[in-house]
2 protein chains.
Amino acid sequence: MGWIDLTAIALMFAATPLAGQESKPEPVTPASVVAASTASEWVPIDPADLLVMDLAPDTKGAEREVIVQLIPPPFSQGWVGNVRTLARAHWWDGTSVYRVVDNWVAQWGDGEDDPKKAKPLPAGIAKAPPANFSAPLPCKVYLFQKKVLKEECDPSVTPIEGIDPYVLKGQTGFAAGWPVAFALEGDGNRIWPTHCYGTVGVARDIDNAGTGAELYAVIGQAPRQLDRNIAIVGRVIEGIEYLATLPRGRGEAGVYADAALRVPIVSVRLGSELPAAGQPRFEYLATDSKSFADYVHLKANRNDRFYKVPAGGIDVCNVQVPIRRVAAQ
Amino acid sequence: MGWIDLTAIALMFAATPLAGQESKPEPVTPASVVAASTASEWVPIDPADLLVMDLAPDTKGAEREVIVQLIPPPFSQGWVGNVRTLARAHWWDGTSVYRVVDNWVAQWGDGEDDPKKAKPLPAGIAKAPPANFSAPLPCKVYLFQKKVLKEECDPSVTPIEGIDPYVLKGQTGFAAGWPVAFALEGDGNRIWPTHCYGTVGVARDIDNAGTGAELYAVIGQAPRQLDRNIAIVGRVIEGIEYLATLPRGRGEAGVYADAALRVPIVSVRLGSELPAAGQPRFEYLATDSKSFADYVHLKANRNDRFYKVPAGGIDVCNVQVPIRRVAAQ
């Protein structure tokens with residue numbers, strides 16, 4: 001059986017050392033760099049910034065828990081505030097995943113078109129958060145393609161090695177653990193999060209930006225055309241497969257034509273509202289750390305034996321920020 | 001309920017015309033351009049270039065048919081020849097999908113590591129096709145980022161509007177209906193197919209390029225780092241969801257730890273070997289047509305009302321070449 005990823009091969013070799021052969025040094029890989037990172041390079045994620053969504057068990061009775069990390073300031077905080085209010089009100093309990101489109105999104109919430117039948121929103125929901133899909137970048141740097149012009153930049157913004165087709169006068173990279181794009185726009189720099197696999201965004205209509213009650217997760221090729229057109233409120237950090245493997249909808253726009261196919265949402269809770277022992281604990285590899293820089297560089301320039309032709313570049317959505325579970329405190 | 005794609009909105013409007021309002025002209029969209037294309041812009045796909053893979057029915061008894069289009073010359077023809085031989089020998093009948101990794105691949109074939117237990121390959125299989133992952137481009141054009149230098153180029157190669165992070169001295173685009181990259185390499189131009197969602201490639205080990213007996217389909221973000229490192233033999237043009245929705249493997253490297261979870265392959269046939277009335281008939285929008293150029297341009301510069309900030313560029317894997325079923329002849 002052939003493999004197509006060095007991670008797999010490394011596992012196979014680890015399982016079957018070649019006795020009698022002189023061992024060569026293991027090549028440095030993205031995975032080995034992450035494994036060798038120091039504890040101080042990891043940043044804990046506050047359980048208050050996590051949503052725990054329990055779908056109804058699958059047909060075999062297996063649990064399906066999806067964990068979403070909410071995006072930090074300066075992004076989308078009007079919608080993120082609504083999402084927190086909705087979670088505290090247990091508003092999503094009893095709603096469903098009602099739309100699944102292959103190579104596009106899985107979408108959940110009330111799913112009711114008729115305003116008269118729609119589930120009422122809890123008190124405190126901003127009906128129309130200001131449609132700010134980007135934020136000022138406190139920094140005078142900008143990067144155009146591979147040419148870097150730096151001035152007093154925020155050092156926590158790390159540009160990626162690679163040009164980006166969606167950012168003509170700017171660049172992509174990472175800030176506080178999140179994939180971002182930033183560009184010179186008019187009189188200053190702006191920064192915004194990018195739509196990647198697992199990104200959670202706010203479904204909207206043409207003339208409004210949505211409240212955050214109807215959400216979707218990306219389950220295919222990064223739909224970067226949505227950047228700055230839709231509010232990103234988070235990303236799935238565990239359990240995306242429970243959304244990605246749902247049957248695709250056959251109704252209009254990928255909605256389940258038969259309401260019986262909707263996947264019930266048992267509950268959505270903020271991680272901080274769960275009993276202390278059950279609170280989800282995660283940490284991410286700081287995106288301004290040495291290990292992260294090495295990880296991205298190796299992702300863009302694969303030098304292990306499987307890869308004969310390293311690309312020399314990478315796109316921001318093909319770099320998964322390392323995130324791992326840690327023991328409950 | 002909010003939506004996140006104009007296709008959906010267009011459908012909603014079509015269903016509920018606003019009586020009494022003066023109708024505005026519908027905006028031109030990628031979908032409307034395809035709908036308005038002429039019959040002469042579409043190219044039939046020979047059933048001899050299709051693989052029809054029938055998986056065992058799902059738990060509800062529903063059929064799962066996956067259709068793969070084989071890649072045309074000059075790409076990967078050593079492997080494509082093997083794939084045709086394997087299909088004619090019905091070699092995949094009774095094998096399985098044995099490895100599924102979220103945001104990565106679904107892989108099928110014999111899935112046996114031990115050469116002594118492996119299913120014998122049929123006569124006529126080239127054990128080691130020459131590892132040519134790219135082809136000469138009969139053309140002296142090359143494009144570097146957005147700067148186009150043209151000389152006597154093959155007019156069937158259409159560059160995309162957008163730079164590409166994986167092709168430093170070249171560009172991406174489309175040739176004969178397929179997403180490709182091309183670049184100046186040493187003494188001449190080379191062209192190669194790109195790994196996108198749905199791409200079918202040949203699983204391989206470190207020291208060989210595989211035979212084509214073990215195949216995978218991409219079910220996540222385009223793994224462009226595999227370009228020129230693995231042979232691409234085709235793409236799924238129908239039924240990718242039957243691979244993308246399979247449960248993810250929990251064993252080493254995403255293999256199903258329990259062999260009972262493997263998804264049986266009932267049969268794989270070349271489309272031309274099926275009874276005439278049952279042969280699959282598809283056509284694709286010619287990638288050197290006016291409508292395709294308009295389609296790509298609009299994908300890169302969304303001007304419909306849903307999109308407030310058009311990106312101004314796109315990546316080659318975010319342009320799905322329009323492919324449609326046609327009536328049997």
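This note goes through a predicted model point by point, from the whole of chain A down to single side chains.

1. Overall make-up of chain A. The secondary structure of chain A consists of 5 helices and 18 strands. Of the 329 residues in chain A, 57% are buried. The surface that chain A exposes comes to about 13800 Å², and 55% of that area is supplied by carbon and sulfur atoms.

2. Contacts along the chain. Take the contacts in chain A with a separation of 6 or more. What share of them comes from residues 24 or more positions apart? The share is 69%. Some individual pairs that link distant parts of the chain are described in the points below.

3. A stacked ring pair in chain A. Over all chains, the search finds 10 aromatic pairs. One of them joins A:W79 and A:F133, with 5.6 Å from centre to centre and 15° between the planes, and this pair is stacked. The two residues come from distant parts of the chain: A:W79 belongs to helix 3 (residues 77-88), A:F133 belongs to the loop between strand 5 (105-109) and strand 6 (135-136), and 54 residues separate them. Both A:W79 and A:F133 are buried.

4. An edge-to-face ring pair in chain B. Why is the pair B:F306 and B:Y307 called edge-to-face? The ring centres are 5.5 Å apart and the planes of B:F306 and B:Y307 stand at 70°, so the pair is edge-to-face; the cut-off for that label is over 60 degrees. B:F306 has a relative accessibility of 0% and counts as buried. B:Y307 is also buried, at 5%.

5. A ring cluster and charges over rings. In chain A, ring pairs link A:F174, A:F292 and A:Y295 into a cluster. Arginines also lie over ring faces across the two chains. A:R204 lies over the face of B:F306, 3.8 Å from the ring centre. In the other direction, B:R204 lies over the face of A:F306, also at 3.8 Å from the ring centre.

6. The surroundings of B:Y242. This tyrosine is found in helix 4 (residues 240-244) of chain B. Which residues does B:Y242 touch, not counting those up to four places away in sequence? They are A:R250 from chain A, and B:L55, B:E63, B:R64, B:E65 and B:V66 from chain B. With A:R250 there is a polar contact between side chains, at 3.3 Å. As for B:W79, it is 163 residues from B:Y242 in sequence and 24 Å away in space, C-alpha to C-alpha.

7. A salt bridge at A:R269. Side chains of opposite charge can pair when their charged atoms come close. The whole structure has 22 salt bridges over all chains. In one of them the side chains of A:R269 and A:D93 meet at 2.8 Å, N to O. A:R269 lies in strand 16 (residues 263-270) of chain A and A:D93 in the loop between helix 3 and strand 4 (96-100), so the salt bridge ties together parts that are 176 residues apart in sequence. A:R269 counts as buried because its relative accessibility is 17%, and the limit is under 20%.

8. A salt bridge between two strands. A:R324 and A:E283 form a salt bridge in which the closest N and O atoms are 2.7 Å apart. A:R324 is in strand 18 (residues 323-325) of chain A and A:E283 is in strand 17 (residues 282-285), with their positions 41 residues apart in sequence. Are these two residues buried or partly exposed? A:R324 is partly exposed at 34% relative accessibility, whereas A:E283 is buried at 15%.

9. A salt bridge between two loops of chain B. B:R248 and B:D102 meet through their side chains at 2.8 Å, N to O. B:R248 lies in the loop between helix 4 and strand 16 (263-270) and B:D102 in the loop between strand 4 (96-100) and strand 5 (105-109), so this pair ties together parts of chain B that are 146 residues apart in sequence. Both B:R248 and B:D102 are buried.

10. A network of charges. In chain A, salt bridges link A:E65, A:E238 and A:R325 in a network.

11. The surroundings of A:S134. This serine is found in the loop between strand 5 and strand 6 of chain A. A:S134 is buried, with a relative accessible area of 17%. Leaving aside neighbours within four places in sequence, the contacts of A:S134 are A:R190, A:I191, A:W192 and A:R228.

Conventions: Residues numbered from 1 in each chain as written. Chains lettered and ligands numbered in written order. Predicted model: local features only at pLDDT ≥ 70, side-chain atom pairs only at ≥ 80, totals over all residues. Heavy atoms only, no water. Helix = DSSP H or I, 4+ residues; strand = E, 2+ residues; numbered from the N terminus. Buried < 20%, exposed > 50% of the residue type's maximum accessible area, 1.4 Å probe, protein only. Contact = heavy atoms within 4.5 Å. Areas by Shrake-Rupley, 256 points an atom, 1.4 Å probe, with all protein chains shown as cover. Phe/Tyr/Trp six-rings, centres within 6.5 Å; stacked < 30°, edge-to-face > 60°. Lys NZ or Arg CZ within 6 Å of the ring centre and 35° of its normal. Polar contact = N/O pair within 3.5 Å; in protein donor to acceptor, adjacent residues only side chain to side chain. Salt bridge = Lys/Arg side-chain N within 4 Å of Asp/Glu carboxyl O.
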